[in-house]
Amino acid sequence: MFKMTWALAGEHADEWTGFGYGEAGRTLRDRVGAAVAASGMSSEAQEHFRTTFIVPLLKSIAIEGSDAMRAGRQWSKAAGPLLVVLTPAA
């Protein structure tokens, strides 16, 4: 089990706790995507945000983040205004 915490600079912060990296990625994509959609950005800007910031973090969670959790280490990564931290659950 691990905890994922994220912050979108000046907009939104949240957390999720669970077991699956796929579920963590979907949660991040959905919740940050909802915050971005509510921000008033144009649809083109929203798509740019998703492809430039969210998608690379989803890949990193699945590879680097999962490796860190298996090793019992905290992991963090930022993409633009979005920071994600994975922490092993105690």
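Colleague: Before we look at S66, when does a residue count as buried, and when as exposed?
Modeller: Accessible area decides, taken as a relative value. Over 50% is exposed, and in between is partly exposed. Buried means under 20%.

Colleague: This is a predicted model. Is S66 buried or exposed in it?
Modeller: The cut-off for buried is under 20% relative accessible area. S66 has 3% relative accessibility. S66 therefore counts as buried.

Colleague: Which helix holds S66?
Modeller: Look at residues 43-70. They make up one helix, and S66 lies in it. That helix is α2.

Colleague: Which residue has its backbone oxygen 3.1 Å from a polar atom of the S66 side chain?
Modeller: A polar contact needs N or O atoms within 3.5 Å. Here the distance is 3.1 Å, from the side chain of S66 to a backbone oxygen. That oxygen belongs to I63.

Colleague: Which residues does S66 contact, leaving aside neighbours within four places in sequence?
Modeller: Start with the helices: S66 in α2 is listed where α1 and α2 meet, and Y21 is listed for α1. Setting the sequence neighbours aside, S66 is in contact with Y21 and I61.

Colleague: How do α1 and α2 run relative to each other?
Modeller: Their axes come within 10 Å and cross at roughly 155 degrees. Angles over 145 count as roughly antiparallel. So α1 and α2 are roughly antiparallel.

Colleague: What is the hand of the crossing where α1 passes α2?
Modeller: Helix α1 covers residues 21-38. Its residues that meet α2 include L28, V32 and V36. The crossing is right-handed.

Colleague: Now the aromatic rings. How many aromatic pairs does the structure hold?
Modeller: Rings pair if their centres lie within 6.5 Å. By that rule, the structure holds three aromatic pairs.

Colleague: Why is the pair of F2 and W16 called edge-to-face?
Modeller: The ring centres of F2 and W16 are 5.6 Å apart. F2 sits in strand β1 and W16 in strand β2, 14 residues apart. Planes over 60 degrees apart count as edge-to-face. The planes of F2 and W16 are at 65 degrees, so the pair is edge-to-face.

Colleague: What is the centre-to-centre distance for F49 and F53?
Modeller: F49 and F53 both lie in α2, four residues apart, about one turn of the helix. F49 is buried, and so is F53. Their pair is edge-to-face, with a centre-to-centre distance of 5.0 Å.

Colleague: Which residue forms one aromatic cluster with F2 and W16?
Modeller: F2 and W16 are both buried. The cluster also takes in a residue of α1 that meets α2. That residue is Y21.

Notes:
Residues are numbered from 1 along each chain as its sequence is written. This is a predicted model: local features need pLDDT of at least 70, side-chain atom pairs count only at pLDDT 80 or more; totals for chains, interfaces and linings use all residues. Side-chain values use heavy atoms; hydrogens and water are left out. Helices (H or I, at least four residues) and strands (E, at least two) are DSSP runs, numbered from the N terminus. Buried means under 20% relative accessible area, exposed over 50%, partly exposed in between (1.4 Å probe, protein chains only). A polar contact is a pair of N or O atoms within 3.5 Å; within protein, one must be able to donate a hydrogen and the other to accept it, and residues adjacent in sequence count only if both atoms are side-chain atoms. Contact means heavy atoms within 4.5 Å. Rings of Phe, Tyr and Trp (its six-membered ring) pair if their centres lie within 6.5 Å; planes under 30 degrees apart count as stacked, over 60 as edge-to-face and the rest as tilted. Axes are lines fitted to C-alpha atoms, for helices over the stretch in contact, and angles run from 0 to 180 degrees between N-to-C directions. Angles under 35 degrees count as roughly parallel, over 145 as roughly antiparallel, 65 to 115 as roughly perpendicular and the rest as oblique. A crossing is left-handed if the near helix is turned anticlockwise from the far one by less than a right angle, and right-handed if clockwise.
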